[in-house]
Amino acid sequence: MRETAETHVDIAIVGGGLVGASLGCALASLIERLGLTVAIIEPAPLQQRAKTPWQPSFDARASAIAQGSAIHFARMGVWSDMRDQATPIRQIHVSEQGRFGATRLRHDDLDVDALGYVIPNAWMGRVLHRRLQTLPLGWHCPAAVEEIAPVAEGYRLQLSTGEHLRAGLTVLADGGRSGLKERLGIDSHEKPYDQVAVIASVETSEPHHGTAWERFTPEGPIALLPLQGQAMELVWTHEAGRETHRLSLSDGDLLIELQRAFGDRAGRFRRIGKRHAYPLSLVTARETIRPGLAVLGNAAHSLHPVAGQGFNLALRGVMDLVAALDAGLSQGEDVGSLAVLNDFDARRSADRHNVIRFSDGLIRLFGIDSPLLSHARAAGLVGLNLAGPMRRTLARRAMGLER
Ligand SMILES: Cc1cc2nc3c(=O)[nH]c(=O)nc-3n(C[C@H](O)[C@H](O)[C@H](O)COP(=O)(O)OP(=O)(O)OC[C@H]3O[C@@H](n4cnc5c(N)ncnc54)[C@H](O)[C@@H]3O)c2cc1C
């Protein structure tokens, strides 16, 4: 890299997507308490969108957010705004084509107000960016990191704007698509599932009453997550190649096929929005820390979306990184020291390993013809990453082992 003047920061966050923006918000107390300097670099001009009035879109993509994530958002001071567009999941209904009966899980079975929430991604982004604008951090947007190189005590970043940053800790939260990880020689393990998820908003004739539906069909599972009004987020998994036929259908013909596959338990499907297709694979980075470097979110692990775990897992990573920084800095460690990053990795590794194994295991169970396994799959499929004893209870109830 050519030598030019550079700005020094304690932490540079590469990517202001859901994970990078969450990290910026979660660092607020360290910025205020310890005067940490933080820069976020994001190519998409999100700030402007954050200022325009919110227009709920029928086509908006949405994510299932676990109760634990809502608690993390509350700690960041963004949950009261987030919940404006959050639809609580009050019950989960699991059924299998060709089999009699269904499993229902209700929020009051578990003594919680909601089993989780479904929030439009665009709304989450907007709330996070609004919060970021109230914090004293460097917001480089639109700008991309074009080059990254290790230097003494950190990394040097070259931005598309011609600026240079030197950071004690660089956090790669670029979704793994920028090529920066590869340029640093961080390999990933990729396992294609030979499946494609078709995602769209659908409108039903009946109110959903906060029900998340899971329907197992021989072609693949169909999940419907409740959104505001009578809209629902459809996640329809297909064997790779079989989705092309569905993507080419008219809305009316696609609704007929969906109705046939799903049945009428959620009412009549009346409208379908823009379809998005996602080829599914499991991608995990072989390294997530180096001195002066941490890898978070999709850059670290990209999971099968049907399991609805990716962002929930990443958000716990965000909170653990902040906790490790807080602990390390109070003992005089540098932001990018191996002591801090090893602590972060130790906090993360069991959760990361378990969730990756859990969601990958669910996908393999898709092929196995057993009602018991179908119901076990359900616990993960609606994105309810309920921790510890709660998950065990949920799974046991889902499998009919506990009443
Ligand atoms: C169809 C689908 C459904 C899903 N549903 C759920 C769900 O229900 N629940 C759940 O928990 N998870 C879900 N997930 C997973 C979740 O969407 C991801 O975990 C999450 O989006 C990851 O966010 P991220 O910020 O790591 O990556 P991204 O969202 O990819 O953001 C990366 C950011 O980095 C920026 N960037 C890229 N290159 C550069 C560069 N060179 N310099 C600087 N910035 C750069 C990009 O512009 C972008 O803003 C789903 C995923 C899919 C695909």
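Where is aspartate 174 found? Select it and look along the chain on either side: aspartate 174 is in the loop between strand 11 (164–172) and helix 7 (180–183). Keep in mind as you go that this is a predicted model.

**Stop one: aspartate 174**

Stay zoomed in here for a moment. Aspartate 174 is buried, yet has no salt bridge. Add lysine 181 to your selection: this is the nearest side chain of opposite charge, and it is 6.5 Å away. Since a salt bridge needs the nitrogen and oxygen within 4 Å, don't expect to draw one here. Now pick serine 178 instead. Its side chain and that of aspartate 174 are joined by a polar contact of 2.3 Å. To see what else surrounds the spot, show Val14, Leu180 and Ala299; aspartate 174 is in contact with these three, leaving aside its neighbours within four places in sequence.

**Stop two: some salt bridges**

The structure holds 17 salt bridges, so let's visit a few of them.

Start with arginine 156 and glutamate 6, whose side chains meet in a salt bridge of 2.3 Å, N to O. This pair ties together distant parts of the chain: arginine 156 is in strand 10 (residues 154–159), while glutamate 6 is in the segment before strand 1 (7–14), 150 residues apart. Is arginine 156 buried or exposed? It counts as buried, because its relative accessibility is 3%.

Next, select aspartate 108 and arginine 106. They form a salt bridge too, with the closest N and O atoms 3.2 Å apart. Aspartate 108 has 43% relative accessibility, so it counts as partly exposed. Arginine 106, at 35%, is also partly exposed.

Then jump to aspartate 345 and arginine 352, a salt bridge with its closest N and O atoms 2.9 Å apart. Here aspartate 345 is partly exposed, with a relative accessible area of 22%, whereas arginine 352 counts as buried at 14% relative accessibility. While you're working with salt bridges, select Arg316, Asp320, Arg348 and Asp351: salt bridges that share partners join them into one network.

**Last stop: helix 6**

Finally, select residues 121–132, which make up helix 6. How many of its twelve residues are buried? Nine are, so the helix is mostly covered. Colour the buried ones to see where they sit; among them are Trp123, Met124, Arg126, His129 and Leu132. For a quick check with the distance tool, go from one end C-alpha atom to the other: they are 16 Å apart. That agrees with the 16 Å that twelve residues should span at 1.5 Å a residue.

Conventions: Residues are numbered from 1 along each chain as its sequence is written. This is a predicted model: local features need pLDDT of at least 70, side-chain atom pairs count only at pLDDT 80 or more; totals for chains, interfaces and linings use all residues. Side-chain values use heavy atoms; hydrogens and water are left out. Helices (H or I, at least four residues) and strands (E, at least two) are DSSP runs, numbered from the N terminus. The expected span of a helix is 1.5 Å times one less than its number of residues. Buried means under 20% relative accessible area, exposed over 50%, partly exposed in between (1.4 Å probe, protein chains only). Lys and Arg count as positive and Asp and Glu as negative; His and the chain ends are not counted. A polar contact is a pair of N or O atoms within 3.5 Å; within protein, one must be able to donate a hydrogen and the other to accept it, and residues adjacent in sequence count only if both atoms are side-chain atoms. Contact means heavy atoms within 4.5 Å.
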